[in-house]
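This report examines how the interior of one protein is arranged. The sequence and the structure are shown first, and the description follows.

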Amino acid sequence: MTEDTYVGAIDQGTTGTRFIVFDHDGEVVANAYEKHDQYYPEPGWVEHDPMEIWDNTKDVITQALGWADVGPEQLAAIGVTNQRETTLLWDADTGTPIYNAIVWQDRRTTERIESLEENGAVETIREKTGLEPDAYFSATKAEWLLEEADPIKMERARPSDVRDRAEAGEILFGTIDSWLIYNLTGEHVTEVTNASRTMLYNIHDLEWDDDLLAEFSIPEAILPEVRPSSDEATYGTTDPDGFLGAEIPVAGALGDQQAALFGQTCFDPGDAKNTYGTGSFFLMNTGDDAVESDHGLLTTIGYQRSGEDVQYALEGSIFVTGAAIEWLEDVSLIDDPSETAELARSVDSTDGVYVVPAFTGLGAPHWDQRARGTIVGMTRGTRREHIVRATLESIAYQTRDVAEAMEGDSGIEMTSLKVDGGAVKNNFLCQLQSDVIGSQIVRPVVDETTALGAAYAAGLAVDYWADLEQLRNNWRVDREFEPEIDPDVADQRHERWIDAVERSRGWAREES
């Protein structure tokens, strides 16, 4: 089955959409990418145009297949991975979104989350979902869309009847995986890892939770069917009369961070990875045990294969890492992200400067929705090189915060960490990360592990790959980084970082 056939993966991220064609060795055959626009209609609001995302998805699939000279019929399966928590509603008849997608970074429902805290709902949500209640997750986004979204894009609706139509099942809810699968196959489904990030799904009972649906006034009729991450029954096939002109099974899907865990072959309890993207997401496989965190981490579903139990994970979600590098470019401190390593190396230290990139609040393990970006320690002698280096160091320090929490919850000492994502191409950052965290950093040859994980999930479902051991054999090391600085020095600098974090906390309260 594998000769002259391939598996394709749609990697729909926060800033753009990628399609990668993989061969049986897990090697990249073709790779196409397109950015999409970011919309900021009000401070703290972040939106994407779902139709732009779908159009870009079609474009990158067509481009990658063309560049590789691979016909659609040569794809054994397609997998999907996606920016998690980003939420949209669309008309079930026309497929037209009723409003832009509300992005995971969006903070418009912060006050709603604070009302949950005041009403004593936090512990119940934690127990059922494994999540720390936050505007980050999908539940309050969906609630806002049902109550507040302007249905101008919906041909038949009037502003007053969006909820009525939702309760009748005429409007559909989904995260981006559901949106793409719906457009590819016509089926309204999601899978367990994305469902587990909605704050509506009970990760122990493995079903939409009636109490949570009632809390957020979400009609059950709008919800997708929840399926395994790697589904032998498949989610459906592409339309032979559609843009691909072929029937291809869409057989696997994972939220982006779980996809990276799967792509890094973290199949055993204790295996851990950190993905450096717009944010950074540190996950550790905990097997069939849903470990409750006492240190500010999330308990989430890692993946599920057809006919098997779900595998759980602990997660530390860091909201801003790669986006901090983009910020340096936005404010003209750099012209291109590739400059950061050279600029950072040009100074011996940050000269006491710390950057806390809490642009959308602080995630794990601090969890402060009203924290904001902060620079401390500047003097008249501070130059842009110090700020650039401090920004890179902030990525490493935030990862250490999560690593320490992970060790506290799991009881496993972190001696090696697999890394992936665009930022790990920066050798300076990888070495810095090893120094700050005090452990080995391992970078694989194929660093597009998010897309690779989605491809693996889909390919396993259709027997393109036989088993997990075959996937382990595909994984190869590009480079390993070992700590080079005195651990006491690393500890002292990290303690000062924690001081800087404290100064960022609660800042948004003063704006009101």
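The sections below treat the nonpolar cores, the cavities and one buried residue in turn.

**Nonpolar cores**

The structure is a predicted model. In soluble globular proteins, nonpolar side chains tend to be buried together. Here, the largest nonpolar core comprises 103 residues, and the members that touch the most others within it are I218 and F282. Helix 12, which spans residues 384-410, supplies the largest share of this core, with 11 residues. Another core lies apart from it and contains 33 residues, including I10, I53, W90 and V189.

**Cavities**

The model also encloses empty space: 3 cavities have a volume of 30 Å³ or more. The table sets out the largest and the second largest of them.

| Cavity | Volume | Nonpolar lining residues | Polar lining residues | Charged lining residues |
|---|---|---|---|---|
| Largest | about 100 Å³ | 7 | 5 | 2 |
| Second largest | about 50 Å³ | 4 | 3 | 1 |

Which residues lie closest to the centre of the largest cavity? They are V446, L452, N474, W475 and R476, which belong to a lining of 14 residues. Two elements, helix 14 (449-461) and helix 15 (468-474), each give two or more residues to this lining. Helix 14 gives the most, with 3 residues.

The second largest cavity is lined by I318, L362, G363, A364, H366, Q398, D401 and W497. By class, its lining has 4 nonpolar residues, 3 polar residues and 1 charged residue.

**A buried residue: T185**

The final part of the report turns to a single side chain and its surroundings. T185 lies in helix 6, which covers residues 176-185. Is T185 buried or exposed? The cut-off for a buried residue is under 20% relative accessible area. T185 has a relative accessibility of 15%, and therefore it counts as buried.

The side chain of T185 takes part in polar contacts with the backbone. One of them joins it to the backbone oxygen of I181 at 2.7 Å. Another joins the side chain of T185 to the backbone nitrogen of E187 at 3.0 Å. When residues up to four places away in sequence are not counted, T185 touches Y235, G236, T237 and V250.

**Summary**

In this predicted model, the largest nonpolar core holds 103 residues, and another core of 33 residues lies apart from it. The largest cavity contains about 100 Å³ of space, and T185 in helix 6 is buried.

Key
Residues numbered from 1 in each chain as written. Predicted model: local features only at pLDDT ≥ 70, side-chain atom pairs only at ≥ 80, totals over all residues. Heavy atoms only, no water. Core = buried A, V, L, I, M, F, W, Y, C linked by side-chain atoms within 4.5 Å. Buried < 20%, exposed > 50% of the residue type's maximum accessible area, 1.4 Å probe, protein only. Helix = DSSP H or I, 4+ residues; strand = E, 2+ residues; numbered from the N terminus. 1 Å grid on protein atoms, 1.4 Å probe; cavity = no way out; pocket = protein on both sides within 12 Å on 5 of 7 lines; lining within 4 Å. Points joined across faces, edges and corners; volume = space filled by probe spheres on them. Nonpolar A, V, L, I, M, F, W, Y, C, P; charged D, E, K, R; others polar. Polar contact = N/O pair within 3.5 Å; in protein donor to acceptor, adjacent residues only side chain to side chain. Contact = heavy atoms within 4.5 Å.
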